[in-house]
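Reader: I would like to learn how to read a few features of a model, beginning with a pair of helices and then turning to single residues. Could we go through them one at a time?

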Amino acid sequence: MQGLYFAASKIDMPTMQITRRLEFDAGHRIPDHQSQCRHLHGHRYAIEITLGGEVIETAGRPDTGMVMDFSEVKRIAMRHVVEAWDHAFLVYRGDTQVADFLAALPGHKTVVLDCVPTAENLARLAFEILDPHYRDTYGNHLHLEQVRLYETPNCWADCHRSDLAPISP
């Protein structure tokens with residue numbers, strides 16, 4: 001049988017990036033906004049988690065040929081961000097009118113944040129929550145590169161690792 005066969009180079013395996021997208025629904029408001037966003041409303045958010053690392057080349061492992069199994073990327077993001085924020089109201093601690101109202105509702109799923117729940121702040125917060133869970137657990141220099149949070153299909157915020165690097169004096 002004739003066929004084409006390709007072999008991956010074993011010399012200096014490059015770092016690659018992979019991305020897993022998940023979606024969740026949540027409510028919020030931007031208390032001091034000068035337009036519609038000051039009202040209670042919700043979004044169908046999407047979060048994209050981008051990881052960098054070397055492709056695993058250990059023979060016989062179920063994740064050979066991967067940076068990380070996408071199902072594992074999903075499991076971690078679900079556990080630490082999506083399940084907490086899905087069908088919750090994300091409220092800024094300083095928005096006392098809404099925070100107090102939500103606290104008075106028995107059994108209401110409310111996530112109280114130390115920042116205003118803008119797309120930018122939520123992307124940064126998700127990055128900070130997820131970062132310790134996507135560390136080099138596979139021996140392939142695995143790390144979280146970026147979190148992209150879509151508030152709508154046309155509006156999103158990116159938090160990249162370099163955005164959080166300490167500023168040199």
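Reader: How are H1 and H3 oriented to each other: roughly parallel, roughly antiparallel, roughly perpendicular or oblique?

Author: Before answering, note that this is a predicted model, in which local features need pLDDT of at least 70 and side-chain atom pairs count only at pLDDT 80 or more, while totals for chains, interfaces and linings use all residues. Residues are numbered from 1 along each chain as its sequence is written, and side-chain values use heavy atoms, with hydrogens and water left out.

Author: Two packed helices are described by the angle between their axes and the distance between the axes. Here the axes of helix H1 (residues 70-85) and helix H3 (residues 119-130) come within 10 Å and cross at roughly 140 degrees, where helices are DSSP runs of H or I with at least four residues, strands are runs of E with at least two, and both are numbered from the N terminus. Axes are lines fitted to C-alpha atoms, for helices over the stretch in contact, and angles run from 0 to 180 degrees between N-to-C directions. H1 and H3 are therefore oblique to each other, since angles under 35 degrees count as roughly parallel, over 145 as roughly antiparallel, 65 to 115 as roughly perpendicular and the rest as oblique.

Reader: Which residues of H1 and H3 meet?

Author: From H1 come Ile 76, Ala 77, His 80, Val 81 and Trp 85, which meet Leu 122, Leu 125, Ala 126, Ile 129 and Leu 130 of H3, contact meaning heavy atoms within 4.5 Å.

Reader: Which residue has a positive phi although it is not a glycine, in the loop between H1 and strand E3?

Author: Most residues other than glycine have a negative phi, and most peptide bonds are trans. His 87, in the loop between H1 and strand E3 (88-92), has a positive phi of about 55 degrees, and at 58% relative accessibility His 87 counts as exposed (buried means under 20% relative accessible area, exposed over 50%, partly exposed in between, with a 1.4 Å probe and protein chains only). His 141 also has a positive phi, of about 60 degrees, and lies in the loop between H3 and strand E5 (143-152); at 47% relative accessibility, His 141 counts as partly exposed.

Reader: What does Thr 110 touch?

Author: Thr 110, found in strand E4 (residues 110-113), touches Phe 89, Val 91 and Leu 102, not counting residues up to four places away in sequence. Thr 110 is partly exposed, with a relative accessible area of 26%.
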